[in-house]
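Hi there,

Here is the structure I promised to pass on. Have a look at it first, and my notes follow below.

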Amino acid sequence: MEKIELMAKEIRKDIFKTAYFAGGGHIPSSLSMTDIIATLYFGDILRYNAKNPEWEERDKFILSKGHACLALYVTLSKAGYFNESELKTCCKIGSVFGGHPKMKEIPGVEASTGALGHGLSFGVGIALTNKLDKKDSKVYVMLGDGECQEGSVWEGVMSAANYNLDNLIVILDYNKLQAMDKIESILKMAPLAEKWRSFGWNVEEIDGHNIDEIYTALTTRESGKPKVIIAHTTKGKGVSFMENVPIWHYRMPNEEELQILMEELDISRQELELE
């Protein structure tokens, strides 16, 4: 698991570096899911071939909370889909790397997302097709907790259970914050686990920053039902002044905050081209 932990650390660094050169980005939303996506891609769980992104037998990862695309872009670069130097073009004119991911333009991106609430239904369609075609491929969908306030999410939840899609795994990034405030201050979601169980899903709750728990949850299967992993996470994980503070949903640090962030993420001035 040490390899995954080191990769997660590097992903966190590059999330900020990408945002820094882009001039902005949803940094905390990306940091909360970093340990999960690092385990999925570098823990020998997700089947993929970076040299052949359209490999028919691949598993698919769908980032439904598309605003957290910095984490996906960085992970795909480290997995070998494209050169890491391309991340410096993020949000620049003419770049394929925008504020939300686009399929068909970025290798490894399986769905164009950003309008919240659609990624799960997209994944349900793929998982159902795989089952009908008798393919062994799995579909992993990352949802945000605020995103679960969208009614379309629950339509997908019902459909997946109706078709017994045990090849579908949802990872719910339960950091308990959304753009403007705490989830419970805007629209109460608790008790989440009971809600998903009542819809006919297998449910597992984990610490979304504990690599061992993440790995076990992602590799444990029960047949007959889709599975949701409710991952309790910290929004802004790894940067002290961002953790659990809603105002950082989309914001860049000032000079004083930048120095703290660089120390905590182990980023040098040279990496940010400050000297």
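What covers the buried residues of α4? Before I get to that, please keep in mind that this is a predicted model. The cover of α4 includes three helices, α1 (2-22), α2 (27-32) and α3 (34-42), together with the strand β1 (60-63).

Helix α4 itself spans residues 69-79, and 11 of its 11 residues are buried. The buried residues run from Cys-69 to Ala-79, and among them are Leu-70, Tyr-73 and Leu-76, but also Thr-75, Ser-77 and Lys-78. For a helix in general, residues three or four places apart point the same way, because there are 3.6 residues a turn. After α4 comes Gly-80, which has a positive phi near 100°.

The other element I looked at is strand β2, residues 139-144, where six of six residues are buried. Val-139, Val-141 and Leu-143 point one way from the strand, while Tyr-140, Met-142 and Gly-144 point the other way, and all of these are buried.

β2 also has strand partners. With β1 it pairs in the parallel sense over four bridges, and Lys-60 has Val-139 of β2 as its bridge partner. β2 also runs parallel to β3 (residues 168-174), joined to it by six bridges. One of the bridge partners there is Asp-173 in β3, which pairs with Gly-144. To get from β2 to β3, the chain passes through helix α6 (residues 151-162), and this β-α-β crossover is right-handed.

Happy to talk it over whenever suits you.

Best wishes

How values were computed. Residues numbered from 1 in each chain as written. Predicted model: local features only at pLDDT ≥ 70, side-chain atom pairs only at ≥ 80, totals over all residues. Heavy atoms only, no water. Buried < 20%, exposed > 50% of the residue type's maximum accessible area, 1.4 Å probe, protein only. Helix = DSSP H or I, 4+ residues; strand = E, 2+ residues; numbered from the N terminus. Contact = heavy atoms within 4.5 Å. Pairing = 2+ DSSP bridges. Right-handed = clockwise from strand over helix to strand, strands pointing away.
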